[in-house]
Structure formats: structure tokens, C-alpha cells
Amino acid sequence: MLPVIPLAALFLAAFVLPLIALVAISLFRTPQFAELSPAQYLRFFSDPFSIKVLTDTIWLGTEVALATLILAYPLALVYAASGQVMRTLITFLIMLPLLTSTVVRTFAWIVLLGRDGIINTAMLSLGLWQAPARLLYTWEGMVLALTQIQLPLMALPVINSLLRLDGNLTRAAEGLGAGRARIFVTVILPLTLPGAIAGWLLVFAAAATAFITQTLVGGGRIILMPSYIYQQAVGVQDWPFSAALSLIFTLAVTGIVFAIGALSRRCVRGVDAA
Amino acid sequence: MQRSLIDRAYSTIIGAITAFGMLLLLAPTLVVLIISFTGGITLKFPPPSWSLRWYVELLQSQEIVAPALTSLKVAAAATILSAVLGGAAALGLARSRLKIARVLDALFMSPMVLPAMAFGLSLLLVFNLLGIRLSAATLVLGHTIISVPFVIRMVGASVQQLNPVLITCSLSLGASRWYTFRRITLPLIRRGIVASCFVAFLTSFDNVPVSLFLADARTEVLPIKLWAILEGSLDVRVAAVSGVIVLLTLAGLVCAEIFGGVSRQIGSR
């Protein structure tokens with residue numbers, strides 16, 4: 001255990017201690033650290049604006065997770081059914097966004113969604129749109145960008161669980177006369193659910209906390225929890241409130257992640273028993 | 001008859017979504033690379049003409065080159081720190097059967113679960129309470145913490161695959177602990193170390209939420225600088241920076257692949 005001590009000491013000083021400080025500071029009533037009280041939390045939960053920021057952020061994570069799920073399954077099915085060349089290509093395409101810096105990926109979406117961007121140019125020249133549409137600084141644009149940015153986090157676990165699926169099961173279903181669509185719904189989907197849920201959790205947490213993409217593609221008018229925390233901490237310098245915001249956000253995200261994780265383990269046990 | 005119709009529709013839909021998904025994965029990176037060679041002064045796509053002017057302009061932009069160098073230094077320092085401390089911890093944890101080992105393992109992994117913003121803010125609050133001035137060192141400290149989970153997982157996985165008999169053999173043949181570590185353990189867990197260094201470096205180089213709180217005015221890092229530029233205007237120089245980052249990352253990936261088989265490590269994560 002001796003080699004563990006330096007890192008444990010570092011974590012105690014630079015991880016555990018700060019979190020304790022965060023909790024302590026969130027319990028002060030004023031930014032001058034006067035009077036201990038749960039005032040910051042009451043302020044948050046009695047303010048419809050703050051509540052909406054939180055629910056919007058959770059909804060964003062959910063929408064992006066759903067969108068990546070819809071894209072990841074077909075990719076995984078094609079991956080599992082293809083030969084080496086196609087598999088390498090798909091792996092490369094999945095790794096590409098994973099390895100490019102977040103700011104670069106976000107910048108790419110600014111280029112794609114902008115007024116003179118590729119989508120507007122294509123739609124106008126095809127005559128499908130009469131005037132350039134506003135895509136940047138909209139909720140939909142932000143969801144699209146985050147879907148692409150987070151897709152690898154969904155695709156990798158889904159592919160992994162699909163590859164681990166016993167091929168005899170699908171062949172048995174085929175032999176018994178089930179069509180491909182039916183095999184997918186009744187055999188593949190339930191048995192690869194653990195992978196999908198693992199991906200769901202990763203994408204949900206990543207999309208909800210994606211400060212850069214949220215601020216640059218969503219724009220200044222869409223306020224979500226990360227930018228709310230930043231604005232309260234750095235702009236307003238209201239540390240007790242921003243500390244409370246951070247904790248509420250952390251608990252909301254990790255709470256949902258753990259709840260879905262626990263629920264899925266129960267479902268998986270159900271599938272195994274069946 | 002009806003079933004085959006459903007199946008054909010199913011196959012078409014799967015094929016179409018896959019094609020769309022692959023295009024979606026590739027397009028943004030490709031578009032950035034293309035637009036970085038534009039001769040125009042806007043992000044108009046397709047570019048009206050071609051040139052290297054934005055790369056030339058980038059080299060002359062001290063306000064972008066300096067943060068880039070800072071980012072590289074901070075990432076290098078954070079990578080070394082997290083690889084040494086995290087690697088040692090991973091080795092220690094893998095051999096221990098104590099209950100506290102599992103608790104510590106969970107602790108070292110928790111920066112992955114915690115929203116990085118909350119961690120950055122909490123560290124800033126502590127520095128302020130203790131009267132520690134922000135500097136490059138505080139930034140490195142924050143980046144080290146968030147890079148550690150990758151080291152713990154990847155090096156830990158390599159240590160798990162290591163056959164302990166080899167260590168026992170070496171020791172019983174009279175080799176010292178240090179010699180055994182250098183000649184037996186280290187070469188066998190090299191893949192995990194290289195892969196985790198690669199990921200740790202990218203994590204630090206790319207980090208915004210922690211740097212946002214922990215960087216002082218003098219240690220401006222690249223992603224924050226780019227974010228600030230893009231908040232204000234759509235500067236084409238960012239495309240050139242992006243082009244450089246993409247190419248360097250690909251080069252780094254090739255190196256890491258040669259030395260450590262990094263894609264297998266990331267793929268199995």
C-alpha cells in the first residue's frame with residue numbers, strides 16, 4: 001500500500017478538502033460569509049428561473065442521449081455484420097471526434113450551422129429553403145452538435161455489448177422464422193441493453209456538463225447549469241450561491257446516473273432470469 | 001410477403017441511419033480542415049479561394065501561440081504528475097486485498113463522475129480561503145486530479161494482466177526490488193502507461209471547466225483563449241489552430257499506437 005500514499009495525500013488535500021469547503025461555503029447566507037443557513041438552497045428552489053435552468057439542463061442531456069442511442073444502434077449492427085476493412089473504418093470514424101479537442105469540435109459546428117455555413121448553403125442552392133435559416137444559437141443546433149460530439153461515448157459500449165452477444169441466439173431466432181426487424185426488437189435490443197445504458201449514462205452526464213458547446217453553439221440566451229454556475233461564481237462573485245448551484249447540479253446528475261444504473265442492473269437480472 | 005416488406009424497410013432504415021451517422025462523425029473534422037485553407041476572411045463554406053494565409057497569420061499571432069505553449073507545458077506537467085503518482089497508486093492498489101484499497105480506488109475514480117465545473121470551483125474556493133495565489137502550479141494541480149482516473153484504470157488493467165509469478169521468480173533469483181520493477185514490471189505494463197499518458201495529456205490540454213476557475217491572468221491556456229475568441233467573433237484563425245490540433249493529435253495517436261496500442265485501450269474502456 002506504500003506507493004498509494006502520495007496520491008491519497010494529494011486527493012485528500014486537493015479533492016476531498018475542496019469538496020468539504022464547497023459544502024461549507026454553500027451554507028452561508030451572504031457572499032460575505034455571514035450567518036450559517038440553508039438560505040442558498042431555499043433561494044434556488046423558490047426561484048422558477050433557477051428550477052427551469054436545472055430542468056432544461058437535464059432535458060438537454062436526455063435528448064442528446066436519446067439521439068445518440070438512435071444513431072449508435074445501426075452503426076453497431078453494421079459494425080458487427082461487416083468485415084475487417086469496414087470495422088476499421090467505423091472505429092476510426094468513432095475515434096476521430098473522441099480525440100479532437102472539444103473546442104475544435106464545437107468550432108466545427110459553428111462553421112456548419114452558421115449563416116454562410118454548409119447546411120444553409122446546401123439547402124439554399126438545392127432550392128429547399130428560400131432564406132438562410134437560423135441554426136446557430138438555437139436549442140436544436142445545440143442538440144445536433146452535442147449528439148455528434150458525444151456519439152462515440154454511446155457507440156463504443158453498444159458495439160462492445162453487441163460483439164459479446166451470443167451469435168447462436170440470433171441464428172436460432174432466424175431458424176425459427178423471425179425476420180430481421182423482429183430479431184432486433186426481441187433478441188438483440190434486450191440483450192444489449194446494458195451497453196446502451198452504460199452509453200446513456202456517459203452521454204447524459206457529458207452533454208449536461210458540456211460548458212463549451214452549450215455556450216458557443218447554444219449562445220448567450222440559452223442558460224444552462226454550467227454557464228449559470230460560471231456566471232454566478234466569476235461574474236457576480238456570489239460564492240455561496242454558486243457553491244450551492246454546483247452541489248445541486250452535481251447531486252442531480254450523479255443522482256440520475258446512479259438511479260438509472262441501479263434500475264438497469266435490476267432489469268438485467270430480470271433478463272438473465274427469464 | 002408482409003414480413004419481408006418489414007424486413008426490407010428495416011434494413012433500409014438501418015443502412016440509412018448508419019450512413020448518416022458515419023457522415024456525421026466525419027463531416028465536422030473534415031469541414032474544419034477544409035475551411036482552415038480558405039483564402040477568404042469569413043467562415044463561408046465552400047471557401048471562395050484557397051490559401052495558407054490563416055496558418056501564416058496564426059504563427060504571427062503571439063496572443064494564440066503563447067497560450068498554446070502554456071497549454072502544452074501545463075499538460076506535460078499534469079501528465080507526468082498523474083502518471084507517476086497514479087501509476088504508483090495503481091500498482092499498490094492492484095496488489096492489495098485490503099478493504100481500504102477499494103475505497104481509495106473509488107476515490108481516485110470519482111473526478112470522472114463529478115462535474116468538472118464543480119471541482120474547479122471548489123478548488124478555487126480552497127485556494128482563496130488558504131490565501132494561495134493562482135498560478136501555473138495551481139492549474140497543474142487541478143489538471144492532475146482530473147487526469148488520474150484514466151491512469152488508475154488503464155495502468156490498473158495492465159497490472160491485472162501481469163502474471164505475479166514473474167515478479168516472484170525475479171525476486172527469488174536474487175534480483176533487487178528496484179531491478180525487478182525496472183526490468184520486469186515496467187516493460188510489461190508499458191502499454192497501459194503509454195495509453196494513459198496519451199489520454200491524460202489530451203484531458204489536460206483540452207480541459208476548460210477546471211482551467212476556467214484555476215488559471216490566473218498570466219497563465220492563459222489555449223482552449224480558454226479560443227473560447228474567448230469565438231464568444232466575441234468568428235475568427236478564421238481558430239480554423240488554422242484547429243487544423244494544427246487535429247494533425248498533431250493524429251500524429252500523437254500514431255506514436256501512441258506504435259508504442260502502446262492505444263486504440264485497444266480506449267476501445268475497451
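A residue is called buried here if 20 or more other C-beta atoms lie within 10 Å of its own C-beta atom, and exposed if 12 or fewer do. By that criterion, 45% of the 274 residues of chain A count as buried. The model under discussion is a predicted one, and the confidence assigned to chain A averages a pLDDT of 90, with 97% of the residues scoring at least 70. Within chain A, confidence is highest in helix 3 (residues 48-81), at a mean of 95, and lowest in helix 13 (residues 239-273), at 84.

The secondary structure of chain A consists of 13 helices and 0 strands. Its C-alpha atoms occupy a box of roughly 75 × 60 × 40 Å along the principal axes. Considering contacts in chain A between residues at least 6 apart in sequence, 75% of them join residues at least 24 apart.

Helix 5 of chain A, which covers residues 102-113, merits separate attention. Its 12 residues reach 17 Å from the first C-alpha to the last, close to the 16 Å expected at 1.5 Å a residue. This helix is mostly covered, with 12 of its 12 residues buried. The buried residues include A:Arg105, A:Thr106, A:Phe107, A:Trp109 and A:Val111.

A:Val111 also appears in the description of the largest nonpolar core, as one of the residues with the most contacts inside it. That core has 158 residues, and the others with the most contacts inside it are A:Ala76, A:Ala155, A:Val203, A:Ala207 and B:Leu121. The surroundings of A:Ala207 can be given in detail: leaving aside residues up to four places away in sequence, A:Ala207 touches A:Leu60, A:Gly61, A:Val64, A:Ala65, A:Leu146 and A:Gln150.

The two chains meet through 69 residues of chain B in contact with 69 residues of chain A. On the chain B side, helix 1 (residues 2-35) gives the most, with 18 residues. The residues on the side of chain B that touches chain A divide into 51 nonpolar, 13 polar and 5 charged.

A residue of chain B provides a contrasting environment. B:Gln160 is located in helix 6 (residues 136-161) of chain B. B:Gln160 counts as exposed because it has 11 C-beta neighbours inside 10 Å, and the cut-off for that class is 12 or fewer. The C-alpha atoms of B:Gln160 and B:Ser122 are separated by 34 Å, the two residues being 38 apart along the chain.

Methods
Residues numbered from 1 in each chain as written. Chains lettered and ligands numbered in written order. Predicted model: local features only at pLDDT ≥ 70, side-chain atom pairs only at ≥ 80, totals over all residues. Core = buried A, V, L, I, M, F, W, Y, C linked by C-beta atoms within 7 Å. Contact = placed C-beta atoms within 7 Å. Helix = DSSP H or I, 4+ residues; strand = E, 2+ residues; numbered from the N terminus. Expected span 1.5 Å × (residues − 1). Nonpolar A, V, L, I, M, F, W, Y, C, P; charged D, E, K, R; others polar. pLDDT = per-residue confidence, 0-100.
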